[in-house]
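Dear colleague,

I am handing over the structure we spoke about, and it is shown just below. After it come my notes on a few helices, on the cysteines and on one leucine.

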Amino acid sequence: MKKLLLLLACLFIFCNQYAQTDSLVRSLKQLNEVLAHQPAFDKKKQDEIDSFKKLLAATNTNNLPALFKAYENLYSAYRVFQFDSAYNYAKKMLVVALRLNEPSLINYARIKMGFSMLSSGMYKETLDSLSAIQISAVPDSCRAEYYALMGRYYYDLGDYDKDQYHTPRYIEKGAQYIDSALALWDKNSHDYLYYEGLKELKSGNRIDAKRNFDQLMARPGLTPHQIAITASTLSDLYIQNGDNDQAIILLIKAMIADVQSSTRETSAAFILSTLLYKKADIKNASICINQAFSDAVFFGARQRKVQVGDVLPLIEAQKYAMVEQQRTKLLWYAGLVTFLLLLVIALIIIVFKQLEKLKRAQKAILEAHHNMQEANRRLSETNEKLNDANKIKEEYIGYFFNVNSEFFDKIERFKKSIDQKLTDRKFDEIRFLVNNINLKREKEELLKHFDRAFLKLFPNFVAEFNELFKEEDRIELEDNELLNTDLRIFALARMGIHENEKIAHILQYSINTINTYKTRIRNKSVVPNEEFEKRIMQIKTID
């Protein structure tokens with residue numbers, strides 16, 4: 001009896017695995033068929049966009065409500081299709097809302113802008129836009145959308161950081177916003193069930209999360225986009241449970257729905273490619289990772305490009321290795337049958353064809369790798385410039401308030417002294433006080449404040465500046481000097497102030513004098529004149 005039960009159990013497991021494998025094969029076949037028809041789906045999407053553009057062209061620009069609606073239609077058409085266009089029309093919605101002076105519309109437009117920026121991976125800009133929203137002026141329907149978006153912002157931020165210190169705090173904060181949104185939705189609505197399930201999933205309550213997502217997946221009438229996000233999110237639950245096969249089937253369903261709805265703001269293709277790669281299904285993994293890269297580039301999702309850039313070379317390299325293995329086998333078989341001349345000739349032709357494919361594949365891999373390196377280099381340069389700008393901004397905001405505080409203290413003491421002497425009618429002493437004001441010394445003190453603040457940010461500025469000159473032309477400062485006029489002119493340039501008029505105004509020189517200083521200094525430099533200021537801008541701040 002025990003042997004019979006064991007045999008039946010093994011048979012059940014085998015049948016279940018076979019059914020799951022067969023379902024996976026059929027799902028992948030369906031996915032490839034849908035991908036082949038993607039241009040047709042995208043054309044349908046473009047036709048919809050073109051019809052909205054025609055409505056916009058026919059809209060009276062003086063009819064602001066109609067103009068706002070036309071921009072909203074185009075934003076909705078682009079929101080998960082292309083970031084740049086969606087963000088552009090969201091900004092136009094904001095402009096019209098400001099002209100209408102309608103707080104509810106203004107905040108509504110800011111929510112749409114926030115969604116676009118979050119979808120593109122612009123986390124700081126997203127928070128800046130959403131922080132400007134006056135939630136008290138937002139109706140309940142939009143308020144729920146705002147809270148859900150804030151919740152998604154913190155969840156995405158937690159996924160991006162993936163560390164033990166910040167991620168739990170982001171998840172907790174995201175859950176608080178989701179709770180605020182849930183309080184405003186009907187408990188039977190799609191949004192309520194989805195976001196409640198998302199909150200439970202992020203909080204580690206997988207059983208409750210699965211209940212919600214299973215209920216949604218069984219619900220009739222879901223749009224392709226709703227199917228995609230529900231299936232994709234549910235797949236994460238199966239991945240956490242170690243059931244990658246079921247997760248793959250759900251991600252295929254999500255990817256098919258994304259292609260059919262022309263959704264380019266998606267992570268399903270990327271996650272699916274990684275799971276297929278782990279299963280050693282390199283062919284389909286390559287198809288999915290290239291689809292993910294195409295979607296990320298088309299939509300303009302910065303964080304997706306970075307994610308795909310880490311995985312794409314691995315999959316393509318594995319694909320290349322498999323082709324290499326095939327080539328090796330073909331050569332080996334050719335050696336075994338050298339006695340058959342005709343067969344040898346046929347094998348040689350096959351080998352040459354395979355070599356040609358290998359060259360094309362290698363060229364494509366190298367080009368893709370080069371493109372990703374270039375994109376990462378530009379992203380790194382942009383981040384470095386932003387960090388420099390933030391450091392300069394933070395340091396000089398503090399500098400500005402310190403200088404003004406000292407100046408106001410001086411004015412306050414001077415005012416009290418004048419008031420006292422006016423009360424005592426000591427007019428000669430008042431005249432003495434006024435005449436005793438030393439504007440030149442105040443200016444010098446102000447410049448010293450600037451010098452100290454600047455050298456705090458760029459402590460190696462003088463040394464690196466002098467490296468651009470011969471030994472005899474280098475600047476030697478006096479004992480009590482931090483910077484001189486030559487250095488200040490280019491210190492201001494390093495801070496981003498390049499216009500001679502502004503530099504002349506700050507240092508209280510004439511424009512011609514500034515031009516003379518700059519020309520004289522550049523002519524002494526060992527680098528070409530046109531490269532001089534570029535080298536100045538390469539001087540780094542402190543870390």
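Before the helix pairs, one cut-off is needed: two axes whose angle is over 145 degrees count as roughly antiparallel, and those at 65 to 115 degrees as roughly perpendicular. Please keep in mind throughout that this is a predicted model.

With that cut-off in hand, consider helix H10 (residues 206-217) and helix H11 (residues 224-240), which pack at an angle of about 150° with their axes 10 Å apart; H10 and H11 are therefore roughly antiparallel to each other, and their crossing is left-handed. On the H10 side the contact is made by Arg206, Ala209, Lys210, Phe213, Asp214, Leu216 and Met217, while H11 contributes Ile227, Thr230, Ala231, Thr233, Leu234, Leu237, Tyr238 and Gln240.

A second pair is formed by helix H21 (residues 500-507) and helix H22 (residues 511-524), whose axes come within 8 Å and cross at roughly 105°, which makes H21 roughly perpendicular to H22. Here Asn500, Glu501, Ile503 and Ala504 in H21 meet Ile511, Ile514, Asn515 and Lys518 in H22.

Helix H20 (residues 485-494) is mostly covered, with 10 of its 10 residues buried, and the buried residues include the charged-type names Asp486, Arg488 and Arg494 alongside Leu487, Ile489 and Phe490. At the start of H20, a side-chain oxygen of Asn484 reaches to within 3.3 Å of the backbone nitrogen of Asp486, and after the helix comes Gly496, which has a positive phi, near 105°.

As for the cysteines, a search of the whole structure finds 0 disulfides. Two cysteines that you may wish to look at are Cys142, which is buried with a relative accessible area of 10%, and Cys288, which is also buried, with a relative accessible area of 1%.

Finally, which residues does Leu455 contact, once its neighbours within four places in sequence are left aside? Leu455, which has its place in helix H18 (residues 439-457), is then in contact with Val462, Leu482 and Leu483. Leu455 and Thr541 are 86 residues apart in sequence, and their C-alpha atoms are 9.2 Å apart in space.

With best regards

Definitions and conventions. Residues numbered from 1 in each chain as written. Predicted model: local features only at pLDDT ≥ 70, side-chain atom pairs only at ≥ 80, totals over all residues. Heavy atoms only, no water. Buried < 20%, exposed > 50% of the residue type's maximum accessible area, 1.4 Å probe, protein only. Helix = DSSP H or I, 4+ residues; strand = E, 2+ residues; numbered from the N terminus. Polar contact = N/O pair within 3.5 Å; in protein donor to acceptor, adjacent residues only side chain to side chain. Disulfide = S-S within 2.5 Å. Axes fitted to C-alpha atoms, helices over the stretch in contact; angles between N-to-C directions. Parallel < 35°, antiparallel > 145°, perpendicular 65-115°, else oblique. Left-handed = near helix turned anticlockwise from the far one by under 90°. Contact = heavy atoms within 4.5 Å.
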